[in-house]
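This report covers charged pairs, buried cores and a surface patch in one protein chain. The sequence and the structure come next.

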Amino acid sequence: MKFDEYQELAYITANKNLTFNEALCNWSMGLSGETGEFIELLKKQIFHSKQANRDQLVKELGDILWYLANAALCLGISLQEIADTNIAKLKARYPEGFVDWNARTDKDK
């Protein structure tokens, strides 16, 4: 499945009865909440010796992707554009691949 196809399918299950501001808040708050649930699984694995279940991690990452897809769509941005832009930024920052000494914040621009 391609990014844009996923984004279209994700939108089918989105609440479309929201104003722009409500939708943007809903998607961004959901993104934050689902990211927190993912982090909670990792925290329990690292600090409570409770092995994170792969299926749970996949589901949480899927929820994160769903909220990201809808937040981006609300802003008129495709997931493909986000992916392409991010890869271009990373290639510019790390032309030879990631190197610890080359990871500088001044390249974040």
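Lys44 has a relative accessibility of 30% and therefore counts as partly exposed, since that class runs between the buried limit of under 20% and the exposed limit of over 50%. The model is a predicted one. Lys44 forms a salt bridge with Glu40, and the closest N and O atoms of the pair are 3.9 Å apart. Both residues lie in helix α2, four residues apart, which is about one turn of the helix.

Glu40 has a further partner in Lys43, with the closest N and O atoms 3.2 Å apart. Glu40 and Lys43 also both lie in α2, three residues apart, again about one turn of the helix. The shared partner joins Glu40, Lys43 and Lys44 into one network of salt bridges. The salt bridge count for the model is two. Side chains of opposite charge can pair when their charged atoms come close. A salt bridge here requires a side-chain nitrogen of Lys or Arg within 4 Å of a carboxyl oxygen of Asp or Glu.

The two pairs are set out below.

| Salt bridge | Closest N and O atoms | Spacing in α2 |
|---|---|---|
| Glu40 with Lys43 | 3.2 Å | three residues |
| Glu40 with Lys44 | 3.9 Å | four residues |

Are the other two members of the network buried, partly exposed or exposed? Glu40 is partly exposed, because its relative accessibility is 31%. Lys43, at 33% relative accessibility, is partly exposed too.

The next topic is the nonpolar interior. Which residues make up the largest nonpolar core? This core has ten residues, namely Ala10, Ala14, Ala23, Trp27, Trp66, Tyr67, Ala69, Ala71, Cys74 and Leu79. Two elements, α2 (20-48) and α3 (54-74), each give two or more residues to this core. The largest share comes from α3, with five residues. Ala71, a member of this core, is in contact with Leu24 and Trp27 once neighbours within four places in sequence are left aside. A second core, separate from the one above, has five residues, among them Leu41, Ala52, Leu57 and Ile64.

A buried polar residue comes next. Gln7 lies in helix α1. Its relative accessibility is 4%, so Gln7 counts as buried. A polar atom of the Gln7 side chain lies 2.9 Å from the backbone nitrogen of Leu79. Leaving aside neighbours within four places in sequence, the contacts of Gln7 are Ala69, Ala72, Leu73, Ile77, Ser78 and Leu79. Ala69 and Leu79 also belong to the largest nonpolar core.

The last topic is the surface. Where does Met1 lie, relative to α1? Met1 is in the segment before α1, and that helix covers residues 3-12. With a relative accessible area of 70%, Met1 is exposed, because exposed means over 50%. Apart from residues up to four places away in sequence, Met1 touches Tyr6 and Leu9. Leu9 is also a partner of Met1 in a nonpolar surface patch, which includes Ile12 as well. Together, Met1, Leu9 and Ile12 have about 350 Å² of accessible area.

Definitions and conventions. Residues numbered from 1 in each chain as written. Predicted model: local features only at pLDDT ≥ 70, side-chain atom pairs only at ≥ 80, totals over all residues. Heavy atoms only, no water. Patch = residues over 30% accessible without salt bridge, like charges linked within 9 Å, V, L, I, M, F, W, Y side chains within 5 Å. Areas by Shrake-Rupley, 256 points an atom, 1.4 Å probe, with all protein chains shown as cover. Buried < 20%, exposed > 50% of the residue type's maximum accessible area, 1.4 Å probe, protein only. Polar contact = N/O pair within 3.5 Å; in protein donor to acceptor, adjacent residues only side chain to side chain. Contact = heavy atoms within 4.5 Å. Core = buried A, V, L, I, M, F, W, Y, C linked by side-chain atoms within 4.5 Å.
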